Amino acid sequence: AVSPTVSENGQSEKINQAAPSKSKAIFHQNPLWKRLTAKGKINITKSAFKTYKLWNVDASLNLSNNILKISPLKFLLYDGNFNSETKINLNKKNPVAEVRLSVEKLNIEKFLVSQKSKASERLSGALDANLKLKTFGLESDQIKKTMTGDGEIKIEKGTFKIFNLSE
């Protein structure tokens with residue numbers, strides 16, 4: 001375990017810190033994180049992540065008292081608009097994330113084509129969604145297991161083309 005010394009206003013303080021594990025969040029234990037504050041904005045004209053393409057990404061970030069707020073996070077995708085507010089409380093061993101998101105007029109067919117999905121030949125329309133989600137932890141497996149939420153999803157001008165139910 002490493003015990004670095006942090007100087008603040010001429011005073012030294014030892015941080016009692018266990019060796020960090022790749023799979024364990026230690027934000028709630030580290031006094032340095034609790035004192036850290038940050039504000040920022042992100043603007044990206046065009047972005048790609050894996051098979052997803054986003055345009056006009058705009059986000060504001062604020063970290064204070066070990067709470068990270070990303071609000072708003074907005075972008076365009078497949079003829080639609082995405083908007084979300086996220087709050088991640090890092091004060092607990094398993095950080096708590098609360099997310100409110102909305103999607104308006106997402107072109108389902110364009111999205112499915114971009115994902116190389118066979119469903120693009122069978123499903124079309126404009127997707128609207130409003131969701132409120134809550135998760136615990138920072139790792140994808142833990143997030144998937146603990147995710148809860150509610151919301152509504154609506155498809156306008158949608159079509160289902162005939163398909164084989166056994167596929």
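## Fold, core and a positive patch

The protein has 3 helices and 9 strands, where helices (H or I, at least four residues) and strands (E, at least two) are DSSP runs numbered from the N terminus. Going along the sequence, the pattern is β-β-α-β-β-β-β-β-α-β-α-β. Keep in mind that this is a predicted model, with local features needing pLDDT of at least 70 and side-chain atom pairs counted only at pLDDT 80 or more, while totals for chains, interfaces and linings use all residues. Residues are numbered from 1 along each chain as its sequence is written, and side-chain values use heavy atoms, leaving out hydrogens and water.

Of the 167 residues, 26% are buried (under 20% relative accessible area; exposed is over 50%, partly exposed in between, with a 1.4 Å probe and protein chains only).

The largest nonpolar core (buried Ala, Val, Leu, Ile, Met, Phe, Trp, Tyr and Cys joined through side-chain atoms within 4.5 Å) holds 14 residues, and Phe 75, Leu 77, Phe 82, Val 103, Leu 106 and Leu 127 have the most contacts inside it. Strands E4, E5, E7 and E8 and helix H2 each give two or more residues to this core, and E7 gives the most, with 4 residues.

Now for two partly exposed basic residues:

| Residue | Place | Relative accessible area |
|---|---|---|
| Lys 134 | strand E8 (residues 123–136) | 33% |
| Arg 122 | loop between H2 and E8 | 26% |

Lys 134 joins Lys 92, Arg 100 and Lys 132 in a positive surface patch; such patches take residues with over 30% relative accessible area and no salt bridge, with like charges joined within 9 Å. A salt bridge here is a Lys or Arg side-chain nitrogen within 4 Å of an Asp or Glu carboxyl oxygen. Arg 122 and Lys 161 are 39 residues apart in sequence, but 4.6 Å apart in space, C-alpha to C-alpha.

Key:
Patch = residues over 30% accessible without salt bridge, like charges linked within 9 Å, V, L, I, M, F, W, Y side chains within 5 Å. Areas by Shrake-Rupley, 256 points an atom, 1.4 Å probe, with all protein chains shown as cover. Lys, Arg positive; Asp, Glu negative; His and termini not counted. Charge placed at Lys NZ, Arg CZ, Asp CG, Glu CD.
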